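Please open the structure in your viewer and keep the selection panel at hand. The tour proceeds stop by stop, each beginning with a selection.

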Amino acid sequence: MTLDLRADPIQLTAALVDIASVSRDEARIADIVEGALRGQTVGFEVLRHGNVVLARTDRGLPTRVILAGHLDTVPIADNVPSRFEVNEAGEQVLHGCGTVDMKSGDAVFLHLAATVAEPVHDLTLIFYDCEEIAAEFNGLGRIERELPHWLDGDMAILGEPSGGWIEAGCQGTLRVRLTTAGVRAHSARAWLGDNAIHRLASVLQRLADYKAREVDIDGCVYREGLSAVRVGGGVAGNVVPDAAEVDVNFRFAPDRSVENAVDHVREVFAGLDLAFEVTDSAAGALPGLAAPAAVDLIASVNSHGGGGVRAKYGWTDVSRFAARGIPAVNFGPGDPNLAHKRDEHVPVAQITAVAAMLRSYLTGAV
């Protein structure tokens, strides 16, 4: 199979969706993308690293823009191959696994690489694997560790679904496990024990009473959240349990560091008799919208009737670029609320619009 990178990015999206690429099974799509970039683009150095495909120009231009997108999807849910339909609003939509997250964004990047002859920025393209699973397998993280110079640039755009809005930065995420201890006893003589599950009541009450902070950064309002996401405990139907635990997820605004976020969660549960363990964390990313390259992108989106700028509430790989001092945004077709769903679909007009806005930005025709 070959991809026609000069074809309409709508058709290119459908072709990418029809190449199954569930996480850890991206070799075929990486082969096809690599072959298309080598055969259909001009002026790009192309490199294959595992199942990551990298390409970049070196025209000596004053700025470099990175276009990055993951090739993998969540497991297919009877939604491949792709199919077109007209919805109740009269819009043509494309259904299929990855139409939103994020093969439509990949299609736009590939199409622009082949059709923008005179960009005003040098370009780096990164198509990577294993974004949808544990961070230790993330292909972009592997490039960061092993080929970090490929992540150098003045602006990074990740094709994550944003409905044609610029979703700036991202929130950080922290997970902690709170464990209570009690005394085991027969439930017929419960007074001889100390129920560890009951001790979770004070933890859950503090979560219920928690007031989430909102913070405005560069005109983007980030809303924090502190939530119980798992509860465990119990020994048997006739035993007072001596241990119980609750996992808590804190989604924090990017003005906090991970260390500050940990301190804040400790403060929320201060005074309670429990064990506190950090099980996972990832820093957020500041918007960086004052950078010249970001200003130009915003102008291009606004001049073409795009959605504008808003905060990104979830965590994305923009964090990796922000940590390197590179302004990074999420910008792609598709409603992120439809990602991973069985009926995942994207209005094809959004693919066309995002391609037009990015073409304007990359050619300086704002």
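In what order do the strands of the three-stranded open sheet lie, and is their pairing parallel or antiparallel? The order is 4-5-19, and the pairing is antiparallel. Please bear in mind throughout that this is a predicted model.

**First stop: the three-stranded sheet**

Select residues 83–86, which form strand 4, and residues 345–347, which form strand 19. These are the edge strands of the sheet, and each of them pairs on one side only. On average, neighbouring strands here are turned by 30 degrees against each other, direction ignored.

Now add strand 5, residues 92–95. Strand 5 and strand 19 are paired in the antiparallel sense over three bridges. Show the side chains of L94 and V346: L94 stands opposite V346 in strand 19. Helix 3, residues 99–115, may be selected next, for it packs on this sheet and touches strand 5 and strand 19. The direction of helix 3 makes about 50 degrees with that of strand 19.

Turn then to the other partner of this stop. Strand 4 and strand 5 pair in the antiparallel sense over four bridges. R83 stands opposite H95 in strand 5, and H95 also stands opposite H345 in strand 19. Selecting H95 together with R83 and H345 therefore shows a residue with a partner on each of two strands. The two strands form a hairpin with five residues between them, and G90 in the turn has a positive phi of about 85 degrees.

**Second stop: unusual backbone geometry**

Most residues other than glycine have a negative phi, and most peptide bonds are trans. Three places in this model may be examined with that in mind.

- Select V80 and P81. A cis peptide bond joins them, with omega of about 10 degrees. P81 is found in the loop between strand 3 and strand 4.
- Select D101 and M102. A cis peptide bond joins this pair as well, with omega of about -10 degrees. M102 belongs to helix 3.
- Select D218. Phi of D218 is near 55 degrees, a positive value in a residue other than glycine. D218 sits in the loop between strand 11 (214–217) and strand 12 (220–223).

**Third stop: the eight-stranded sheet**

How many strands form the open sheet with mixed pairing, and in what order? There are eight, in the order 1-2-6-3-7-18-8-17. Begin at the edges by selecting strand 1 (45–49) and strand 17, each of which pairs on one side only. From one strand to the next, the twist averages 25 degrees.

Within this sheet, select residues 64–70 and residues 155–158. These are strand 3 and strand 7, which run parallel and are joined by four bridges. V65 stands opposite M155 in strand 7.

Next, display helix 4, residues 139–146. Helix 4 packs on the sheet and touches strand 1, strand 2 (52–56) and strand 6 (122–128). Its direction makes about 60 degrees with that of strand 2. Helix 7, residues 292–303, lies across strand 7, strand 8 (166–168), strand 17 and strand 18 (328–330). Relative to strand 7, helix 7 runs at about 45 degrees.

**Fourth stop: a pair of crossing helices**

Select residues 9–17, which form helix 1, and residues 348–363, which form helix 9. At what angle do their axes cross? They cross at roughly 115 degrees and come within 9 Å. The crossing of helix 1 past helix 9 is right-handed.

Show the side chains at the contact. Helix 1 contributes P9, I10 and T13, while helix 9 contributes V348, I351, T352 and A355. By class, the residues of this contact comprise five nonpolar, two polar and no charged.

**Final stop: the largest pocket**

Which residues lie nearest the centre of the largest pocket? Select E131, R251, G314, W315 and T316 to see them. The lining of this pocket consists of 31 residues, and the pocket holds about 810 Å³ of space.

To follow the lining outward, select strand 9 (172–181), strand 16 (275–282) and strand 17 (309–311), each of which supplies at least two lining residues. Strand 16 gives the largest share, namely three residues. If you colour the lining by class, you will find twelve nonpolar, eight polar and eleven charged residues.

Note on methods: Residues are numbered from 1 along each chain as its sequence is written. This is a predicted model: local features need pLDDT of at least 70, side-chain atom pairs count only at pLDDT 80 or more; totals for chains, interfaces and linings use all residues. Side-chain values use heavy atoms; hydrogens and water are left out. On a 1 Å grid over the protein atoms alone, a cavity is a set of points where a 1.4 Å probe fits but cannot get out, and a pocket is an open set with protein on both sides within 12 Å along at least five of seven lines; lining residues have an atom within 4 Å of a point. Grid points are joined across faces, edges and corners, and a volume is the space filled by probe spheres set on the points. Ala, Val, Leu, Ile, Met, Phe, Trp, Tyr, Cys and Pro count as nonpolar, Asp, Glu, Lys and Arg as charged, and the others, Gly among them, as polar. Two strands pair if DSSP finds at least two bridges between them. Axes are lines fitted to C-alpha atoms, for helices over the stretch in contact, and angles run from 0 to 180 degrees between N-to-C directions. Contact means heavy atoms within 4.5 Å. A crossing is left-handed if the near helix is turned anticlockwise from the far one by less than a right angle, and right-handed if clockwise.
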